[in-house]
Amino acid sequence: MSSSLYSNSQTRGRWFEYVCLLATWSALFFLAVLLTVILWQGRGNLSMSFLSNFDDRLSPEKAGMLAGLWGSFWLMILTFLISVPVGIGAAIYLEEYSTDSWIARIIQVNLSNLAGVPSIVYGILGLTVFVRMFGIFAKGAIIERMTGNQVEGLFFAFGLNVPLPLGTTVISGALTLSLLVLPVIIVATQEAVRAVPGSIRHAALALGATKWQTIVTLVLPAAMPGIMTGVILSLSRAIGETAPLIMVGASTFLRATPADIEYPHELVTKPRATINAPFDEYTAMPIMVYSWAKQAQREYQGIASAGIIVLVTVLLTMNGLAIYIRNRSQQHLRW
Amino acid sequence: MFPTMTAEKPISLKPQVPLREPSAATDDVQRAIKLETRHLDFYYGNNQALHDISLQIPERSVTAFIGPSGCGKSTFLRTLNRMNDIIEGTRHTGDVLLEGTDIFDPRVDVVALRKRVGMVFQKSTPFPKSIFDNIAYGPRVAGLKDLSRLTEIVESSLKRAALWDEVKDRMRDSAMALSGGQQQRLCIARALATEPDVLLMDEPASALDPASTTRVEDLIFDLKSNYTIVIVTHNMQQAARVSDRTAFFYQGHLVEVGPTQELFTRPKEKQTEDYITGRFG
Amino acid sequence: MQQVLFLCAGLSIVTMAGIVFVLLNESVYSVLGDQAFFQEIPLWKFLTGTRWHWDSGEFGVWPLLTSTLQVALIGGLVSVPLGLCSAIYLSEYATPRTRRVIKPTLELLAGVPTVVYGYFALMFVTPYVLRPLFGLVGLEVGTFNGLAAGIVVGIMITPLVASLSEDAIRSVPQSLREAAYALGSTRFDVSVRVVVPAAFSGIVAACLLAISRAIGETMAVVIAGGQNTPGGGLAINPLREVFTMTSYIVNVSSSDVEAGSMEYKSLYAVGLTLFVITLLMNIVSQWVMRRFREAYQ
């Protein structure tokens, strides 16, 4: 009844391990080929002038990304300012205030559904709600009929002009991207807040702190590394988003930056331009890559690749930053 | 027949007087040694979990390991079919012999070893498959494809595990639908289907209700005429009921081993006495 | 303060409601009194038509649907084996150290913008991989084709399949693995006969989610897939161009169509179709995943 212990069945199915290994490496190999091809194609076009020139259709060798860099910069700043407070607020409500009500459950299910909505559908939403505002401000439309005047915008002190409808401006793009990244930011924040142990909250409450004080002084600071990691990762996804921006009218060819701010110091020296930049037309880095990729001439291949290199460098920097924050916080905080 | 006791008797093993054991099924025959460990040390990373364990396990009998939680009895059980291999960062020194063959010999195929030294766990672990597929799992991974042969094995295994009558009409149902006690007997039947000669049981009845526990204990009693059974239990009454020999572990050491009757009535070590009289553990 | 926080959370409901409203408003019934798309083109004609020719007023969705399904199918054929095998490798074979290196690198694949994948498909995959390969058997590959788009979309969603499948595989209790090893299984037996079947519904949910992502994928197919189907009919041949629902939406919005025109409204009808399909797939995926999690708790 006793068979030998010296058989060799471990080699059975060994091929399967190699197949799995091959699958894993082939995905990574694809990434390596992609990066190599792009680097090789774009190597001749990377220079300082590529970062400081505008796009150029007559002489491609002079084309540059300045408008896209500033456009993406403004999009990121505004998306950050809109989505982070709202996202953190929503997550705190869901985690700290309404943990098991029916409304919280509906919101939770809705969040995971929203996360699965294709980005281009957000583009349709942004186009209708922000860019055109359902056409109610158009000539002869409902607003004009009701007020007797065609409303073109709101004019505030300090020279701030808000066009109505918002049109194909930076703010339309930023609002659309904010809606797009919000579900991701909320879920990441929820996870970070949930990871803060209950004992901390109880200790603070026992010392006479209110719930709100506990959240602001203890829970949020403790959860901040996790929140920031989630925020940076989702913003880096937003920076590469192209489809919704095409929908909400980012220009595929533009030789100007928002409010003509071309140097960082002008953000301070031209305050009036700075507050109006969100309401100006724009283009963005991935949009420029898309528009160059569509050009038939061979010269544009190098430019498109150079654009991709800049875009991917920005992305990787943001990803690296997120990983750095995550690792650092893991070293410092261990519950 | 009078197989020889091996000469290398471990220090902790008390001289074996002719056994007068309580259970009716045991005869007074001295049995061949099925499994033996010699100076076994075992480590999880830098933590030493077992210290110099030397123990002999005779064939066709039930050996029980008792001791407080964390005493190393489960760890020791799991070295007997090298289940600890799948945990990262474990290592051992010393020998484990199955019928005289060192199971850690590099030429030994661990898969073949585990087919001969089966194991049943504390928590019943039915695969999310049908009852039939659960029992047929072992023979199938061993390469058996013939359906009529598989059916035979499934039937005989279930009969040996005293589960056949309860499940014979629902072989295609999911094993997850069985009750806790049935699931555990299913796992025993599944282990028997690979035709092992040794059956290791890690607290097989601790998650069961009293009625199911009795059935499992009866089953163990029936099985020992064909199998060498090693059972870890935290329940001393259970050890007393089912086992022929009992080994007491404490803090990674084998304190005492001997015929169950003797160990429970005339323990030789103070620690054993304290434990079985309930002063700790 | 709690009210403000509630408004933040409620915004997600408003967003979902907004999406539904906007899509329905232009395609099914307009609250502002204009004619909606399906009031001019009967729904059944839209759902059964096999030609999409806006010049002649033919709006049959099947050319767009077949294009989308073709790309998603190819994407699935690439990503499911690659992703699943990677997941099995990472959870059952790789050492913790290897996993720490490979996982983030795989996630990089998901982080590359889709416009880059599209460009790579158009400039490299089609001319330097597919053309020579199919040239061997005498088949011609179009500059724009569904195959190249599908392949890069598949690579793009591989990390998603891998990471979600790995989660499912890891949630299979360790006790099942031990039980299988104790019955004399090799690592192969444990992975293929026990772990993967036990995690099967979780893996299905992962694949559904990834394929719904492929259906909604836009830029790679806009750039590499093309702007029309052969003759405006069904997209059958993966070596010819395709015109997915997402490409169509981009195409309409970047051409100068007037608000209120049929072309403009068709954008919403197609958007609604896309939204409904992906939403259904997501809901099914979540339902399967929830059932799977409950099975192991």
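A disulfide is here a pair of cysteine sulfur atoms within 2.5 Å, and by this rule the count over all chains comes to zero. The structure is a predicted model, in which local features need pLDDT of at least 70 and side-chain atom pairs count only at pLDDT 80 or more, while totals for chains, interfaces and linings use all residues. Residues are numbered from 1 along each chain as its sequence is written, chains are lettered from A and ligands numbered from 1 in the order in which they are written, and side-chain values use heavy atoms, with hydrogens and water left out.

**Cysteines**

Select C:Cys207 and C:Cys85 together: the sulfur of C:Cys207 is 11 Å from that of C:Cys85, its closest cysteine sulfur, which is too far for a bond. C:Cys207 is buried, with a relative accessible area of 12%, where buried means under 20% relative accessible area, exposed over 50%, and partly exposed in between (1.4 Å probe, protein chains only). In chain B, B:Cys187 is also buried, at 4%.

**Chain A**

Now select residues 66-97 of chain A, which form helix 3; helices (H or I, at least four residues) and strands (E, at least two) are DSSP runs, numbered from the N terminus. Helix 3 of chain A has 32 residues and reaches 45 Å from its first C-alpha to its last, close to the 46 Å expected, the expected span being 1.5 Å times one less than the number of residues. Of its 32 residues 24 are buried, so helix 3 of chain A is largely enclosed by the rest of the structure.

Move next to A:Pro165, in the loop between strand 2 (161-163) and helix 7 (170-194) of chain A, where the peptide bond from A:Leu164 to A:Pro165 is cis, with omega near -10°. Then select A:Ala259, in the loop between helix 10 (243-247) and helix 11 (266-269) of chain A: although not a glycine, A:Ala259 has a positive phi of about 55°, and A:Ala259 is buried at 16% relative accessible area.

**A nonpolar patch**

Show the side chains of A:Ile142, A:Met146, C:Val20, C:Phe21, C:Leu24, C:Val28, C:Tyr29, C:Val31 and C:Leu32, which make a nonpolar surface patch of about 810 Å². Helix 6 (142-147) of chain A and helix 1 (2-27) of chain C are the elements that give two or more residues to this patch, and helix 1 of chain C gives the most, with three. Patches are made of residues with over 30% relative accessible area and no salt bridge, like charges being joined within 9 Å and nonpolar side chains (Val, Leu, Ile, Met, Phe, Trp, Tyr) within 5 Å; a salt bridge is a side-chain nitrogen of Lys or Arg within 4 Å of a carboxyl oxygen of Asp or Glu. Accessible areas come from the Shrake-Rupley method with a 1.4 Å probe, and for residues only the protein chains shown count as cover. C:Leu24, in helix 1 of chain C, counts as partly exposed at 35% relative accessibility.

**Chain B**

Select B:Glu195, in the loop between helix 6 (180-192) and strand 7 (198-202) of chain B; phi of B:Glu195 is positive, near 55°, in a residue other than glycine, and B:Glu195 is partly exposed at 45%.

Continue to strand 7 of chain B, which is mostly covered, five of its five residues being buried. B:Val198, B:Leu200 and B:Asp202 point one way from the strand, and B:Leu199 and B:Met201 the other way. Strand 7 of chain B pairs in the parallel sense with strand 6 (residues 117-120) of chain B over four bridges, and with strand 8 (residues 228-232) of chain B, also in the parallel sense, over five bridges; two strands pair if DSSP finds at least two bridges between them. To see the register, select B:Leu199, which stands opposite B:Gly118, and then B:Leu200, whose bridge partner in strand 8 of chain B is B:Val230.
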